[in-house]
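Reader: Hey, got a minute to go through this one with me? Pull it up and we'll chat.

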Amino acid sequence: MIVLVSGLSGAGKSTVLHALEDVGVFCTDNLPLSLFTGWVREMQASERLAAACIDLRSTATPEALRQAVAQARDMDPDCRLVYLEASDEALLRRYSLLRRRPPFAPDMDLPQAIAAERQAMGPLRDEADLVLDSSSMTPYELAELVEGFWRKQRGSAPQTMVCSLISFSYQRGLPQDADMVVDVRFLPNPHYEPALAPLTGCDAEVAAFFARHADVAETLQRLQEWLNFVWPRLQRERKQYFPLAIGCSGGRHRSVYLVERLGEWMHREGVAEPVIRHRELGKVFRSGRTP
């Protein structure tokens, strides 16, 4: 099986390759298109699990890049294309920190170069099997999602998609990468219990508090029912990655608790491969199982 990694400069392609390398995939970065066909044949002949980063550094035209991807898919029906992107604000911030120029259109000023590359890569993005927006992700969070995607492709999680479950605080704004956002500020808040305020939704004392309130259990049940309804319809559209964000006032109790319970349910029932991210706690967990 071959995974092709492409997308916008600065969106995290190197992070994705490193994550794949960590799970035993043979990775090649910035592969020239003149060598691409031979590389695909070599990987097929050796039966290696392989990934290659190909983008506008590899060729002079976006159309040549699309043709290379189409050729790889003809040669290997299991070939998958992962596309990385990020918001203009995130890319500007990253280039500012690195003090580097974008490799695409280096003669333009930075906002123009980003816009030009986004437009040039648009058709390839539309053909991707997985599109990841890394705007609000750390490299560790991005690596977790990629590893989950790879496990799914290798058959460890058949007929499921990767679900990023994000807890957050409305005080710090919505997660930029969420496909669905659920506001749970209507639920009882442990923050007003002095003994519970310094704890989080991961703690047993907070779980016991929520167990005393029927609205919490009903909210969890209704979310599970909705996900059971929508999951097969998302899969019918070949969607393989679904970011679901749950928010409350402080992002420490209600949202954390519900994300944990949903992650456990997804893992137990096999409805998805959950990756949990507690944004305000600065923690990422795999498969809904916290340490």
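Author: Sure. One term before we start: two strands pair if DSSP finds at least two bridges between them. And keep in mind that this is a predicted model.

Reader: Fine. What does the secondary structure of the chain come to?

Author: You get 9 helices and 10 strands.

Reader: Let's take β1. Which strands does β1 pair with, and in what sense?

Author: One is β3, residues 50-53, which runs parallel to β1 with 4 bridges. Another is β4, residues 80-85, also in the parallel sense, over 5 bridges.

Reader: Where do I look for the register? What stands opposite V5 in β3?

Author: C53 is across from V5 there. For β4, check G7 of β1, which has L84 opposite.

Reader: And is β1 mostly covered or open?

Author: Mostly covered. β1 spans residues 2-7, and 6 of its 6 residues are buried.

Reader: Which residues sit on each face?

Author: I2, L4 and S6 are on one side, with V3, V5 and G7 on the other, and all of them are buried.

Reader: Switching to the whole chain: how much of it is buried?

Author: 52% of the 291 residues count as buried.

Reader: And what does the exposed surface look like?

Author: The chain exposes about 14,000 Å², and carbon and sulfur atoms supply 50% of that.

Reader: Last one: how many of the contacts join residues at least 24 apart?

Author: 73%, counting contacts between residues at least 6 apart in sequence.

Key: Residues numbered from 1 in each chain as written. Predicted model: local features only at pLDDT ≥ 70, side-chain atom pairs only at ≥ 80, totals over all residues. Heavy atoms only, no water. Helix = DSSP H or I, 4+ residues; strand = E, 2+ residues; numbered from the N terminus. Buried < 20%, exposed > 50% of the residue type's maximum accessible area, 1.4 Å probe, protein only. Contact = heavy atoms within 4.5 Å. Areas by Shrake-Rupley, 256 points an atom, 1.4 Å probe, with all protein chains shown as cover.
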